[in-house]
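Student: Could we go through this structure step by step, with a reason behind each answer?

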Amino acid sequence: MLNNVLLEENEAYTGGGIGFLSGDPPYPILNNVTIIKNHAFNGGGIKMGDQIPDFTNIKIIDNSATENGGGIYIRSASPQLINSTIYGNNASIDGGAIFIYHNNSGYPSQTVVANSNILYN
């Protein structure tokens, strides 16, 4: 669980702000986390695969990806974004705010967004 955390101006190949990869804990929880001005090849702010994360009061702002998912890159995951903001992110190819890729692994992909704002991506 991450609670009351700022992830700012980081860079990685995947998941510039934070990356949840296959084999990581399946139910990560982020509460009151700001992910701002990060960069990655895919998933400038967040990259996730094969998880069911719970994000509450998250701000994903001004992140960028060289290819896909400036704000969030979702691969065969089912995140919940509650009371969150995704603002001003960009990707050179697809998914300035959110890029969803399902690779037919048998893992269900259902993204839930509630009481949230997705603006200017």
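**Charges, core, sheet and surface**

Tutor: Searching the whole structure turns up one salt bridge. Keep in mind that this is a predicted model.

Student: Which side chains meet in the salt bridge?

Tutor: Side chains of opposite charge can pair when their charged atoms come close. Here the distance from N to O is 3.3 Å, and the cut-off is 4 Å. The side chains that meet are those of Asp50 and Arg75.

Student: How many residues apart are Asp50 and Arg75?

Tutor: Asp50 sits in the loop between β6 (46-49) and β7 (54-56). Arg75 belongs to strand β10 (residues 72-75). The pair therefore links distant parts of the chain, and the separation is 25 residues.

Student: Is Arg75 buried or exposed?

Tutor: Its partner Asp50 has a relative accessible area of 24% and is partly exposed. Buried means under 20%. Arg75 has a relative accessibility of 17%, so Arg75 counts as buried.

Student: Which strand supplies the largest share of the largest nonpolar core?

Tutor: This core has 17 residues, and Ile46, Met48, Phe55 and Ile72 touch the most other members. At least two residues each come from β3 (18-20), β4 (29-36), β6 and β10. The largest share is three residues, and the strand supplying them is β4.

Student: Which residue of β10 that Met48 touches is also in the salt bridge?

Tutor: Leaving out residues up to four places away in sequence, the contacts of Met48 include Phe20, Pro53, Phe55 and Ile72. Tyr73, Ile74 and Arg75 are also among them. The salt bridge joins Asp50 to a residue in strand β10, and that residue is Arg75.

Student: Which strands stand at the edges of the open sheet?

Tutor: Four strands form this sheet in the order β2-β5-β9-β13, with parallel pairing. An edge strand has a single partner, so one side of it is left without a neighbour in the sheet. The strands at the edges are β2 (11-14) and β13 (90-91).

Student: Which residue in β13 stands opposite Ser64?

Tutor: Strands of a sheet pair through backbone hydrogen bonds, either parallel or antiparallel. Strand β9 (residues 64-65) pairs with β13 in the parallel sense, over two bridges. Opposite Ser64 stands Asn90.

Student: What is the accessible area of the nonpolar patch formed by Tyr87, Leu119 and Tyr120?

Tutor: Tyr120 lies in the segment after β16 (117-119). Exposed means over 50%, and Tyr120 is exposed because its relative accessible area is 66%. Together, Tyr87, Leu119 and Tyr120 have an accessible area of about 340 Å².

Key
Residues are numbered from 1 along each chain as its sequence is written. This is a predicted model: local features need pLDDT of at least 70, side-chain atom pairs count only at pLDDT 80 or more; totals for chains, interfaces and linings use all residues. Side-chain values use heavy atoms; hydrogens and water are left out. Patches are made of residues with over 30% relative accessible area and no salt bridge: like charges are joined within 9 Å, nonpolar side chains (Val, Leu, Ile, Met, Phe, Trp, Tyr) within 5 Å. Accessible areas come from the Shrake-Rupley method with a 1.4 Å probe; for residues, only the protein chains shown count as cover. Buried means under 20% relative accessible area, exposed over 50%, partly exposed in between (1.4 Å probe, protein chains only). A nonpolar core is a set of buried Ala, Val, Leu, Ile, Met, Phe, Trp, Tyr and Cys residues joined through side-chain atoms within 4.5 Å. Contact means heavy atoms within 4.5 Å. Two strands pair if DSSP finds at least two bridges between them.
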